[in-house]
Amino acid sequence: MGFSVSGSTVIILIGCLIAFSAAFTVTVDSFDRVTTAQDEHADRLLDRQNTEIEIGDVQRDDATLTVHVTNTGSTALSIDRTDLLIDGGYTHAEHTITNGDTTTDDTDLWLPGDTLAFEAESGGDSVKVVTQHGVAATADVPDADTTEAT
């Protein structure tokens, strides 16, 4: 047994150390990504559980449909990520936020207790409001002579 056996053993050990360090780095990075994804999923579930909306009333005035929706949950919602569907189709609608006596249309936040009013030109028979967390509320559109949703 000469220098060749010792030299080759050292080369094999160094190769094993390099392979182990590469595998360890990849494994730690993978576990970190999985843990981060699980935390984000738990946050989304918590937001979904704390989100609740209620359609207050739906009014039709000729061709204009007005839908009042109240954020009854405990999560602040994004108005830009809240959609209004009329008869199952996405509709771009003008919106305003009402909190007590204050009304504004230049914010993206829909805070708990605030009422969001959508106005759209439509002759649809049903409306559905879907929030960013997937929580939805539906209502039928009353006839023109009735002002309350069923």
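A nonpolar patch lies on the surface of this predicted model. Val10, Ile14 and Ile18 form the patch. Together, these three residues have about 280 Å² of accessible area. Ile18 belongs to helix 1, which covers residues 3–49. Its relative accessibility is 55%, so Ile18 counts as exposed, the cut-off being over 50%.

Helix 1 also carries an aromatic pair, formed by Phe20 and Phe24. The structure holds one such pair. A pair of aromatic rings is described by the distance of the centres and the angle of the planes. For Phe20 and Phe24, the ring centres are 6.2 Å apart. The planes of the two rings meet at 25°. The pair is therefore stacked, since planes under 30 degrees apart count as such. Phe20 and Phe24 are four residues apart in helix 1, so about one helical turn separates them. Phe20 has a relative accessible area of 58% and is therefore exposed.

A search of the whole structure finds one salt bridge. The bridge joins the side chains of Arg33 and Asp29, with an N to O distance of 3.4 Å. Both residues are in helix 1. Arg33 and Asp29 are four residues apart there, so about one helical turn lies between them. Arg33 is exposed, because its relative accessibility is 60%. Asp29 has a relative accessibility of 36% and so counts as partly exposed.

Attention now turns to the interior. In soluble globular proteins, nonpolar side chains tend to be buried together. The largest nonpolar core of the model has 21 residues. Those with the most contacts inside this core are Ile55, Val58, Val67, Leu84, Trp110, Val127 and Val129. Several strands contribute to the core, each with at least two residues. They are strand 1 (53–61), strand 2 (64–71), strand 4 (83–86), strand 9 (115–121), strand 10 (126–130) and strand 11 (136–140).

Leu84 illustrates the packing. With residues up to four places away in sequence left out, Leu84 touches Val67, Val127 and Val129, among others. Its contacts also include Phe118, Ala120 and Lys128. Gly89, Tyr90, Thr91 and Ala93 are touched by Leu84 as well.

Thr131 is placed in the loop between strand 10 and strand 11. This loop residue is nevertheless buried, because its relative accessibility is 4%, and buried means under 20%. Thr131 touches Thr51, Ile53, Leu77, Arg81, Thr82 and Trp110, not counting residues up to four places away in sequence. Trp110 is also one of the core residues with the most contacts.

Two aspartates have positive phi values. Phi of Asp62 is near 55°, a positive value in a residue other than glycine. Asp62 sits in the loop between strand 1 and strand 2. The residue counts as exposed, because its relative accessibility is 71%. Asp87 likewise has a positive phi, of about 55°, although it is not a glycine. Asp87 is located in the loop between strand 4 and strand 5 (89–91). At a relative accessible area of 45%, Asp87 is partly exposed, because the value falls between 20% and 50%.

Definitions and conventions: Residues are numbered from 1 along each chain as its sequence is written. This is a predicted model: local features need pLDDT of at least 70, side-chain atom pairs count only at pLDDT 80 or more; totals for chains, interfaces and linings use all residues. Side-chain values use heavy atoms; hydrogens and water are left out. A nonpolar core is a set of buried Ala, Val, Leu, Ile, Met, Phe, Trp, Tyr and Cys residues joined through side-chain atoms within 4.5 Å. Buried means under 20% relative accessible area, exposed over 50%, partly exposed in between (1.4 Å probe, protein chains only). Contact means heavy atoms within 4.5 Å. Patches are made of residues with over 30% relative accessible area and no salt bridge: like charges are joined within 9 Å, nonpolar side chains (Val, Leu, Ile, Met, Phe, Trp, Tyr) within 5 Å. Accessible areas come from the Shrake-Rupley method with a 1.4 Å probe; for residues, only the protein chains shown count as cover. A salt bridge is a side-chain nitrogen of Lys or Arg within 4 Å of a carboxyl oxygen of Asp or Glu. Rings of Phe, Tyr and Trp (its six-membered ring) pair if their centres lie within 6.5 Å; planes under 30 degrees apart count as stacked, over 60 as edge-to-face and the rest as tilted.
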